Structure formats: C-alpha cells, structure tokens
Amino acid sequence: MTRVNSRLRPFGATIFAEMTRLALAHNAVNLGQGAPDFDGPEFVKEAAIRAIRDGRGQYARMTGLPELTSAIAERFHKTTAITIAADEQTVVTCGCTEAIVDAMLALLEPGDEVILFEPFYDSYPAAVAMAGGVAKIVTLHAPHFRIEAASLEAAITTKTKVMLVNTPHNPSGHMLDAEERRTIARVANAHDLVVLSDEVYEELFYAQPHQSLAMEDGLVERTVVLSSLGKSFSFTGWKVGWAIGPAPIISAIRAAHQFTTFCAPTPLQVAAAAALRAPETYFTAFRAEYKRRRDLLAEGLRASGLTPIVPEGSYFILADHSKYAFEDDFAFCRFLVEKVGIAAIPPGAFYKNKQHARTLARFAFCKRDETLHAANERLRSLPELAAQRT
Ligand SMILES: Cc1ncc(COP(=O)(O)O)c(C=O)c1O
C-alpha cells in the first residue's frame with residue numbers, strides 16, 4: 001500500500017503537460033506554454049558565462065548574493081520609490097514558484113485560510129496545501145476580472161491569514177486598478193492579513209504602468225512582493241526569483257528557503273544582478289516589442305471569429321470561443337490543437353469552479369513573429385473547420 005500525502009493527491013499531471021504532448025503529436029504551433037520561443041538578452045547571458053569562467057561555482061549566500069539583493073532593492077526603489085534594507089528585506093529563491101511555497105510555509109499554521117482569486121496560477125493551491133493551509137476561492141469574472149469588495153469580504157473568516165494577489169494577472173492580463181488596490185488594503189488592514197503580491201509580469205504592461213501593491217497606503221508593512229527574472233528577461237528556465245517584504249516575514253521565508261533549496265544557482269544570480277541593472281531603455285524596448293506581439297495575435301484571433309480580451313499586462317490573451325458552441329474550454333482546445341494545429345490552454349486549469357472557464361481559451365504571445373504569423377495563418381481556417389465538425 002502506498003501511503004502518500006493526501007494533501008497533494010489532487011495535484012497530479014497538469015493540462016500543460018497534456019497540451020504540450022498534443023502540440024508535439026499534431027505538429028501544432030504552440031501558444032500553450034507561457035515560455036518565450038526566443039532567447040533572453042546577450043548581456044545577461046554574457047554575465048552568466050563570465051561568472052562560470054570566473055569560478056563562481058559554489059553555494060551563494062543563503063539569502064541571496066549581495067550583488068543581487070542590492071540590485072533587487074535598487075530596482076524596487078526605482079519602480080516604487082520605496083526604500084528597503086536589502087540585507088533584511090529580500091530573499092533570493094529558485095524562481096517565484098519557490099518563493100510562493102516558502103512564503104506559505106513561513107506563514108501558515110495547519111488550517112489557516114488563504115484567499116486565492118480564480119483564475120489563479122496553478123501552483124497557488126498546491127503551495128497552500130503543502131503548507132497545510134486551506135484555500136478559500138474568490139471568483140473573478142470575465143471579461144474584466146476585477147476584484148469585487150463584497151465577494152472578497154464574504155470569503156474572509158477568523159481563520160484567514162493570507163491573501164495572494166497577482167497583478168498583472170495570469171491568465172487574464174488584468175491589472176489591479178486604484179479602487180481594487182484600495183479594497184485590498186482596506187480588507188487586509190481590517191482583518192490583519194498578510195498580502196502576497198505575485199508581480200512576475202511587472203515589466204509587461206501596455207497602458208498604465210504597473211503599480212506594486214506595496215505602494216498602496218497601509219500595505220507596505222504587511223505585503224510581500226514576489227517576482228522573478230523569468231518573464232522580464234525571457235529566461236524562464238533560469239529560475240531565479242525573489243521576495244521583498246517586511247523584515248520579520250522575510251526572516252521566516254528565509255527559514256523555509258534555507259531548508260528547501262538553500263540557494264539559487266550562483267552564476268545565474270550574478271547574471272540576474274546585471275539584468276536588473278539594465279538601462280531603462282531595455283525595459284521600454286521590451287514592452288514595445290510585447291505590445292506589438294499582443295496586437296498581432298489579437299488581430300489573428302479576431303479574424304478567426306474569436307473574441308480576444310485584450311490584456312493590459314502579462315503575455316497572455318484570453319479569447320472567447322462561444323460563437324463556435326463547443327461543449328467547454330477543453331473540447332475547444334482539443335479541437336484547436338488536433339484540427340487547426342494550434343495549442344492553447346483551456347483555462348479550466350486555473351479554476352476550482354471550472355464552469356467559469358467554459359467559453360475561454362488562453363493563448364501565449366511570448367513568441368517570435370514567425371510563430372505568431374504561422375498561428376494567425378492557421379487561425380484563418382478555424383471558421384470553416386468548426387463549421388465542418390459533426
Ligand atoms: C503568475 C505567475 N506566478 C509565478 C510564475 C512562476 O514564476 P517562476 O518561473 O519565476 O517560478 C508564473 C509562471 O508562469 C506565473 O504565471
């Protein structure tokens with residue numbers, strides 16, 4: 001008899017692996033996985049190569065290489081005007097994913113409740129479960145995906161300890177507006193909650209600049225900002241992430257980090273420091289490129305009869321496929337990969353209440369122009385192929 005941890009039983013193989021398998025089997029254009037099909041900048045690669053050649057191959061300081069933690073503090077100050085003590089208020093992890101788990105391990109007692117907003121990044125409920133917490137789900141509704149004060153308040157109990165927020169948001173691309181930020185601050189303060197703010201898409205905004213939740217009045221003392229190198233520098237496989245927050249919480253997160261991974265790879269931390277010190281022109285050019293990619297894919301989706309929800313941030317577009325009357329998001333995405341030759345993600349993967357995802361599909365636009373053009377070309381055949389199905 002296998003005696004495996006029941007808390008992890010619901011978290012088996014994900015739809016991402018299944019869609020990747022189908023994409024390969026059908027030679028599809030893969031707009032499923034949120035990973036660029038191009039490389040990150042040369043100056044960052046060079047910094048990593050130099051660090052390896054210079055013999056920086058041993059463990060880094062557990063809390064993060066000093067040159068990286070100070071670069072994190074500098075960049076944070078530049079984008080938020082908040083001054084932090086790099087030595088006490090940051091910790092470097094193996095991607096944001098580790099930071100999320102470490103934060104849950106640091107904060108939760110068994111049975112403590114965590115507010116999650118669905119659709120959510122799929123590691124959130126697993127991280128809560130690993131730490132023995134209980135996820136309380138608040139549903140955000142298409143097409144705006146705004147946080148409504150009433151539904152948030154209805155989910156709070158005396159056991160609520162943490163609220164996990166994501167802006168810019170995967171999969172909707174929604175960015176919290178001023179009213180939502182005020183609601184979060186009011187509720188967090190009223191109920192003495194810790195706010196975990198996943199801001200991995202912080203550099204990918206197309207209308208209003210991203211505003212960290214830590215900047216909201218009354219939130220800096222109770223907010224941990226989580227981010228990483230992966231999205232902002234197109235190195236999702238490097239898995240260098242970090243948490244920034246109040247010293248006592250960071251100290252607890254460090255305790256978890258110390259005994260999970262101890263440190264992120266040293267040469268990649270050296271390169272991450274170089275990346276974060278990039279001139280502002282890097283970030284503006286990066287955003288301009290992504291805005292162009294977003295508009296290119298949105299155009300192809302529209303031309304195929306789908307209704308894209310054009311994102312304010314992130315590198316994903318949700319599109320509504322109700323016009324074609326598929327049974328649900330899984331049926332549509334299966335048809336799309338098998339018959340049209342495009343892999344997308346059925347967003348039910350991001351919901352506990354999967355019925356909310358039925359008419360949607362998620363497309364990633366972190367792809368080369370040739371990939372997006374190929375996708376748009378194939379999308380043109382969707383109306384006809386959908387009409388032919390029995
Ligand atoms: C919202 C969100 N948070 C965290 C992550 C993971 O970040 P990392 O690769 O740095 O662990 C992702 C990756 O897709 C994401 O979409």
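Guide: Buried means under 20% relative accessible area, with only protein chains counted. This is a predicted model.

Visitor: Which residues of α10 are buried?

Guide: Helix α10 spans residues 266-276. Of its 11 residues, 10 are buried, so the helix is largely enclosed by the rest of the structure. The buried ones are Thr266, Pro267, Leu268, Gln269, Val270, Ala271, Ala272, Ala273, Ala275 and Leu276.

Visitor: What do the buried residues of α10 pack against?

Guide: Both helices and strands serve as partners. The strands are β2 (90-93) and β8 (241-244). The helices are α2 (42-53), α3 (66-80) and α11.

Visitor: Which helix gives the most to the largest nonpolar core?

Guide: That core has 135 residues. Met163, Leu196, Phe233 and Phe363 have the most contacts inside it. Eight of the core's residues come from one helix, residues 280-303. That helix is α11.

Visitor: Why does this core lie between domain 1 and domain 2?

Guide: Domain 1 covers 6-40 + 281-388, and domain 2 covers 42-279. The core lies between them because residues come from both domain 1 and domain 2.

Visitor: Which residues is Phe363 in contact with, leaving aside neighbours within four places in sequence?

Guide: Phe363 is among the residues with the most contacts inside the core. Its partners include Leu297 and Leu301, and α11 runs over residues 280-303. The full set is Leu31, Leu297, Leu301, Leu306, Tyr315, Phe316, Ile317, Ala319, Leu336, Ile342 and Ala344.

Visitor: Where does a polar side-chain atom of Asp198 lie relative to a nitrogen atom of the ligand?

Guide: Asp198 is one of the residues that come nearest, of the 13 around the ligand. The others are Thr97, Tyr201, Lys231 and Lys239. The distance from the Asp198 atom to the ligand nitrogen is 2.5 Å.

Visitor: Which side chains have a polar atom at 2.7 Å or 2.8 Å from an oxygen atom of the ligand?

Guide: At 2.8 Å the residue is Asn170. At 2.7 Å it is Lys231.

Visitor: How much of the ligand's accessible area does the protein cover?

Guide: On its own, the ligand has 400 Å² of accessible area. The protein covers 93% of that.

Visitor: Which helix gives the most to the shell around the ligand?

Guide: This helix spans residues 95-107. Three of its residues join the shell. The helix is α5.

Visitor: Is Thr139 buried or exposed?

Guide: Thr139 is found in strand β4, residues 134-139. Its side chain makes a polar contact of 2.7 Å with that of Glu118. The relative accessible area of Thr139 is 18%, and the limit is under 20%. Thr139 is buried.

Definitions and conventions: Residues numbered from 1 in each chain as written. Predicted model: local features only at pLDDT ≥ 70, side-chain atom pairs only at ≥ 80, totals over all residues. Heavy atoms only, no water. Core = buried A, V, L, I, M, F, W, Y, C linked by side-chain atoms within 4.5 Å. Buried < 20%, exposed > 50% of the residue type's maximum accessible area, 1.4 Å probe, protein only. Helix = DSSP H or I, 4+ residues; strand = E, 2+ residues; numbered from the N terminus. Domains from an automatic or database assignment. Contact = heavy atoms within 4.5 Å. Near = heavy atom within 4 Å. Polar contact = N/O pair within 3.5 Å; in protein donor to acceptor, adjacent residues only side chain to side chain. Areas by Shrake-Rupley, 256 points an atom, 1.4 Å probe, with all protein chains shown as cover.
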